[in-house]
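Hi everyone, thanks for coming. I'd like to walk you through one structure today, looking at a helix and then at some charged pairs. Have a look at it first.

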Amino acid sequence: MLLSNNQAAGVDREGSSSVVAGSMSKEILFKFLVIGDYGVGKTAVVRRYTDGRFSSNYKITIGADFSMRTLQWDDNTKINLQLWDIAGHERFGCMTRVYYKYAVGAAIVFDLSRTATFQSVRKWLKDLREKLTLADGEPVPIVLLANKCDIPGYGVQPEVVTRFCKEQGIQAWFLTSAKTNVNVDKAMQFLVERAMGSRHREISRESDAILLNNECNEDNAEKVDICC
């Protein structure tokens, strides 16, 4: 599905939230990206996480598509997740800046049985970091998914992935299988936790800024009274 610019934005601001009328409950909207080369299983990962099912006959993603999942984070907080499945074909590369907009987390996927898709992770990581940061300028949380771990005989060894993530500052990586449902939920849970942490830090900074502004206003008011 090729989306318009407005659709591609997905959310109106980073980690947007709303308060349910008549209660203290709140809903938060997070946008996560799922990126990587063609055929690594991005769509299968998204559908496994959002729909709880697997198919070996997914159509090629054209441009971008997204799916939703709602999580009850705690008694008062509901999180609505948008998982954006970004096409891996080179011809859609010029559109990634639009598709990335307002995302607060990303999963980069490669196929364990195809070494070339792991080598492409560096390209996707560079593209992501050049085009997307959080509202405070910090990098978005990233996980690396070594997908199709159900296929015997890894083309990429785990110690190589671990070393790569350490060198590139990727926060975590997971062996995953959309087919057999291995670690997909765990990987997304990691991203949600990081996104919530970023959101709490942003709220804390905003609160500190408001408090400082109020203190400055009070100081100015006292100076005016003294002068009079």
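Before anything else, one term: a residue counts as buried under 20% relative accessible area, as exposed over 50%, and as partly exposed in between. And keep in mind that this is a predicted model.

Okay, salt bridges. How many salt bridges are there by our rule? The count comes to 8, and I'll show you some of them. As background, side chains of opposite charge can pair when their charged atoms come close.

Take Arg-69 and Asp-185, whose side chains form a salt bridge at 3.6 Å, N to O. Where do these two sit in the chain? Arg-69 belongs to strand 3, residues 64–74, while Asp-185 is in helix 7, residues 184–227. That's 116 residues apart, so this pair links distant parts of the chain. Now use our cut-offs: Asp-185 has a relative accessible area of 38%, so it is partly exposed. Arg-69, at 24%, is partly exposed too.

Next up, Asp-111 and Lys-148, with a salt bridge of 3.3 Å, N to O. Asp-111 lies in strand 5, and Lys-148 is in the loop between strand 6 and helix 6, so the pair ties together parts 37 residues apart in sequence. Is Asp-111 buried or exposed? With 2% relative accessibility, Asp-111 is buried, whereas Lys-148 is partly exposed at 23%. There's a third player here: shared partners join Asp-111, Arg-114 and Lys-148 into one network of salt bridges.

One more pair, quickly: Arg-53 and Asp-51 also meet in a salt bridge, at 3.5 Å, N to O. Arg-53 is partly exposed with 39% relative accessible area, and Asp-51 is partly exposed with 40%.

Right, on to helix 6, which covers residues 158–168. Which residues of helix 6 are buried? Val-161, Phe-164 and Cys-165 are. They span an arc of only 95 degrees around the axis, so they sit on the same side of helix 6. Here's the textbook bit: an α-helix has 3.6 residues a turn, so residues three or four places apart point the same way.

What covers those buried residues of helix 6? The cover includes strand 5, helix 4, helix 5, strand 6 and strand 7. On the face turned away from the buried side, helix 6 carries the exposed residues Glu-159, Lys-166 and Glu-167. And just after helix 6 comes Gly-169, with a positive phi of about 70 degrees.

That's my tour, thanks for listening!

Note on methods. Residues numbered from 1 in each chain as written. Predicted model: local features only at pLDDT ≥ 70, side-chain atom pairs only at ≥ 80, totals over all residues. Heavy atoms only, no water. Buried < 20%, exposed > 50% of the residue type's maximum accessible area, 1.4 Å probe, protein only. Helix = DSSP H or I, 4+ residues; strand = E, 2+ residues; numbered from the N terminus. Arc of directions from axis to C-beta. Contact = heavy atoms within 4.5 Å. Salt bridge = Lys/Arg side-chain N within 4 Å of Asp/Glu carboxyl O.
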